[in-house]
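Let's take a walk through this model, with a few stops along the way. Have the viewer open and follow along.

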Amino acid sequence: MPSLLSSASLAILSLVAYVAAHGYVQELTLGANLYTGYLPYYDPYHVPTPQRIVRRIPSNGPVEDLTSIDLQCHGWSEGGIVGSKPAPLVGTIAAGQTIHFNWTTWPDSHKGPLLTYMARVPAGTDITKWEPGTKAVWFKIDHVGKDQNGKWTAVDALTGPNTVYSVRIPPKLKPGQYLVRHEILALHGAFNYPGVQAYPSCTQIEVTGSGNALPVEGLVAFPGAYTPETPGIVYDIYTHPTNAYPIPGPKAWTGGN
Ligand SMILES: *[C@@H]1O[C@H](CO)[C@@H](O)[C@H](O)[C@H]1NC(C)=O
Ligand SMILES: [Cu+2]
């Protein structure tokens, strides 16, 4: 007969397994510059608090409520905290250079698309103080879904030893401060809504260069860009292993190239 102690131990063990079963960006390379990501199991417990370019996240778990401000930068709304707060530092990268997002090893079951958005900080505002709220400020610069063989282009690769996904900053993008919202949508439970699991994070960057391109239309808000009716938000990965997948959100903007 199981004792109280052993069932408690089992509960702790399964909690540990649960916690280990998702992921986040642990490291980033902006051009040639290496930055540590926001580490949810280290940073909150370390004195002095590590200074990051990535806005804080509560855990390696998902955001499932697409109407919540938490969807923006993977914040958490409790105890008076609403959404994610700005980070103290800003990374630097030249337009046309590549950001390498180094994820913790991604669970094999968590299939889905990977998407990257940017938002330009308004003139006269400092990114270390800026919260976009529900304004439509985001444009997409990259997204990958499923290839013709039914392979999830980015996410299937992240489950192996290569945990890095790379995104190029549009070469003609106007210099300035931007938030980069990098996100995986895990679809293993997405046959209904709620069900899709969003794993976003926001990185604060300063883009250098001499370009003058900015998207003029199609900006979206987070929350707002995804609803239960958005194609690709409700999707059964088990009964549709190989058919085309409609990636949620707007078209990717390539910056006038
Ligand atoms: C990703 O980050 C981890 C943790 O810092 C590191 O051990 C690993 O070498 C990095 N991977 C790459 C390809 O840089
Ligand atoms: Cu998970």
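Start at ligand 1, which has Gln26, Glu27, Asn102 and Val164 around it. Keep in mind as you look that this is a predicted model. Sorted by class, that shell consists of one nonpolar residue, two polar ones and one charged one.

Which side chains put a polar atom by an oxygen of the ligand? Asn102 has a polar side-chain atom 2.4 Å from an oxygen atom of ligand 1. For Glu27, the distance from a polar side-chain atom to a ligand oxygen is 2.5 Å. Gln26 does it too, with 3.4 Å between a polar atom of its side chain and an oxygen atom of ligand 1. As for how much of the ligand is covered, ligand 1 on its own has 360 Å² of accessible area, and the protein covers 39% of that.

Now for the empty space. Rolling a probe the size of a water molecule over the atoms is a way to see where such space is left. How many cavities of 30 Å³ or more turn up here? The count is one, and the space in this largest cavity comes to about 80 Å³. To find it, select Gly23, Tyr24, Val25, Tyr38, Val54, Arg55, Ile57, His74, Trp103, Tyr199, Pro200 and Ser201, which line it. Which element gives the largest share of that lining? Strand β9, residues 197-208, does, with three residues. The lining as a whole breaks down into eight nonpolar residues, three polar and one charged.

Tyr38 is worth keeping selected, since that residue takes us to the next stop: it belongs to the cavity lining and also to the lining of the largest pocket. This pocket has a volume of about 160 Å³. It is lined by 14 residues, and those nearest its centre are Tyr38, Thr49, Pro50, Arg56 and Pro88. What does the mix of classes look like in the pocket lining? It has seven nonpolar residues, two polar and five charged.

Strand β9 comes up again with the cysteines. A disulfide is a covalent bond between the sulfur atoms of two cysteines. This model has one disulfide, running from Cys73 to Cys202 with 2.1 Å from S to S. The link is left-handed, at -80 degrees about the S-S bond. Where do its two ends sit? Cys73 is in helix α2 (residues 70-73) and Cys202 is in strand β9, so to speak a tie between distant parts of the chain, 129 residues apart.

Last stop, the backbone. Most residues other than glycine have a negative phi, and most peptide bonds are trans. His74, which we met in the cavity lining, has a positive phi of about 60 degrees although it is not a glycine. You'll find His74 in the loop between α2 and β3 (91-94).

There are cis peptide bonds to look at as well. One joins Val47 and Pro48, with omega at about -5 degrees, and Pro48 sits in the loop between β2 (33-36) and α2. Another runs from Phe222 to Pro223, where omega is near 5 degrees. For that one, look in the segment after β9, where Pro223 lies.

Terms used: Residues numbered from 1 in each chain as written. Chains lettered and ligands numbered in written order. Predicted model: local features only at pLDDT ≥ 70, side-chain atom pairs only at ≥ 80, totals over all residues. Heavy atoms only, no water. 1 Å grid on protein atoms, 1.4 Å probe; cavity = no way out; pocket = protein on both sides within 12 Å on 5 of 7 lines; lining within 4 Å. Points joined across faces, edges and corners; volume = space filled by probe spheres on them. Helix = DSSP H or I, 4+ residues; strand = E, 2+ residues; numbered from the N terminus. Nonpolar A, V, L, I, M, F, W, Y, C, P; charged D, E, K, R; others polar. Near = heavy atom within 4 Å. Polar contact = N/O pair within 3.5 Å; in protein donor to acceptor, adjacent residues only side chain to side chain. Areas by Shrake-Rupley, 256 points an atom, 1.4 Å probe, with all protein chains shown as cover. Disulfide = S-S within 2.5 Å.
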